[in-house]
Amino acid sequence: MEATRRLSRASIKSHPEFSGEGRDLPAYFEEVVEYGKAQGRSGDLAWMNIAIAGTPSLHKLLWCLVIANAPAIRQWDGFKALITLQYPEIEPVEDILEGFKEFQSNLEETHCNELSSVEALGDYLRIFRIRFLGMVRGNAVEASHQSQLFLRGLPPHVELEVSRRLESRFPLFRSGQLWPIEVVVCITKEVIEDGKTLPGKLELEAPLSFPLRGCASNFEEPPLLT
């Protein structure tokens with residue numbers, strides 16, 4: 001009987017379609033949720049797939065590329081915030097300036113901590129990249145600044161030693177600090193293992209905000225971008 005009731009509801013509603021106009025985006029998101037519920041498809045990933053499926057081809061390509069480059073976004077609120085940022089003609093879901101200020105505050109916080117182990121480095125790297133990716137998607141920082149900002153978040157004595165080794169081994173990349181983030185992380189790990197840090201504890205408990213609102217702590221499988 002439940003299946004019959006669900007089929008009856010589904011026949012009333014047609015798949016929502018996005019006009020491609022930014023001003024229609026908020027209403028479109030509401031229609032997506034209503035349609036999903038009518039179809040018995042509730043949940044963040046289901047709504048994300050419905051939303052993507054109902055967009056014009058050019059917008060669909062944009063949305064798929066944006067989500068593919070933001071693997072941490074797996075909840076509906078975060079998805080809406082990220083997509084809304086692609087349409088500057090409407091008011092953003094979050095405040096970019098406030099997000100940038102918080103990102104700077106996060107770097108200042110980690111800069112004052114000590115990296116006592118490779119495990120602590122891993123904690124810092126993962127949270128840094130989530131925050132950084134969010135700021136890139138919000139057009140608050142450039143993707144090419146990743147290594148520079150990662151270094152800024154290291155404790156001063158670690159940053160100094162890592163920078164010294166990078167400049168010594170890879171001098172051609174010194175201008176603009178263009179070392180790939182993977183290389184910077186490897187050298188940082190080496191510094192820690194060589195005992196260049198002081199005992200301490202890395203604490204990264206500050207909550208994330210824009211534009212990763214709704215980001216799940218245990219990431220789910222990505223939506224089907226078809």
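Which residues in H9 meet which residues in H10? Keep that question open while the whole chain is on screen, and bear in mind that the model is a predicted one.

**The whole chain**

Begin with a cartoon view of the chain, where you will find ten helices and zero strands, so that colouring by element gives an unbroken run of α from the N terminus on. If you then colour by accessibility, buried residues make up 43% of the 226 residues. A contact map is also worth drawing at this stage, since among contacts between residues at least 6 apart in sequence, 71% join residues at least 24 apart.

**Select H2 and H5**

Next, select helix H2, residues 25–38, together with helix H5, residues 76–84. The two pack at an angle of about 155 degrees, with their axes 11 Å apart; an angle over 145 degrees counts as roughly antiparallel, and H2 and H5 are therefore roughly antiparallel to each other. Their crossing is right-handed.

Show side chains on both helices, and you will see that Leu25, Phe29, Val32 and Val33 on the H2 side meet Trp76, Phe79, Lys80, Ile83 and Thr84 on the H5 side. Sorted by class, this contact holds seven nonpolar residues, one polar residue and one charged residue.

Staying on H5, colour the helix by burial: it is mostly covered, with seven of its nine residues buried. Those buried residues are Trp76, Gly78, Phe79, Ala81, Leu82, Ile83 and Thr84.

**Centre on valine 33**

Now centre the view on valine 33, whose place is in helix H2. Is this residue buried or exposed? The cut-off for buried is under 20% relative accessible area, and valine 33, at 15% relative accessibility, therefore counts as buried. Leaving aside residues up to four places away in sequence, valine 33 touches Trp47 and Trp76, and the second of these, Trp76, is one of the H5 residues that meet H2. For Trp47, draw a distance between C-alpha atoms: valine 33 and tryptophan 47 are 14 residues apart along the chain, and their C-alpha atoms are separated by 6.2 Å.

**Select H9 and H10**

Move on to helix H9, residues 156–169, and helix H10, residues 181–193, which pack at an angle of about 120 degrees with their axes 9 Å apart. This angle falls outside the range of 65 to 115 degrees that counts as roughly perpendicular, and is not over 145 degrees either; H9 and H10 are therefore oblique to each other. H9 passes H10 in a right-handed crossing.

Here the opening question can be settled: Val158, Glu161, Val162, Arg165, Leu166 and Arg169 in H9 meet Val183, Val184, Ile187, Thr188, Glu190 and Val191 in H10. By class, the contact of H9 with H10 has seven nonpolar, one polar and four charged residues.

**Follow the charged side chains**

The count of salt bridges comes to eight, and the next selection to make is Glu161, Arg164, Arg165, Arg169, Glu190 and Asp194, which are linked in a network of salt bridges.

Start with arginine 164 and glutamate 161, which form a salt bridge whose closest N and O atoms are 2.8 Å apart. Both residues lie in helix H9, three residues apart, about one turn of the helix. Arginine 164 is partly exposed, with a relative accessible area of 47%, whereas glutamate 161 is buried, with a relative accessible area of 14%.

From glutamate 161, continue to arginine 165, with which it forms a salt bridge whose closest N and O atoms are 2.7 Å apart. This pair also lies in helix H9, its members four residues apart, about one turn of the helix, and both glutamate 161 and arginine 165 are buried.

The last stop follows arginine 165 out of the helix, to a salt bridge with aspartate 194 in which the closest N and O atoms are 3.0 Å apart. The pair links distant parts of the chain, with arginine 165 in helix H9 and aspartate 194 in the segment after H10, 29 residues apart. How does burial compare at the two ends, and what is the relative accessible area of arginine 165? Arginine 165 is buried, with a value of 8%, while aspartate 194, at 46% relative accessibility, counts as partly exposed.

Methods: Residues numbered from 1 in each chain as written. Predicted model: local features only at pLDDT ≥ 70, side-chain atom pairs only at ≥ 80, totals over all residues. Heavy atoms only, no water. Buried < 20%, exposed > 50% of the residue type's maximum accessible area, 1.4 Å probe, protein only. Axes fitted to C-alpha atoms, helices over the stretch in contact; angles between N-to-C directions. Parallel < 35°, antiparallel > 145°, perpendicular 65-115°, else oblique. Left-handed = near helix turned anticlockwise from the far one by under 90°. Contact = heavy atoms within 4.5 Å. Nonpolar A, V, L, I, M, F, W, Y, C, P; charged D, E, K, R; others polar. Salt bridge = Lys/Arg side-chain N within 4 Å of Asp/Glu carboxyl O.
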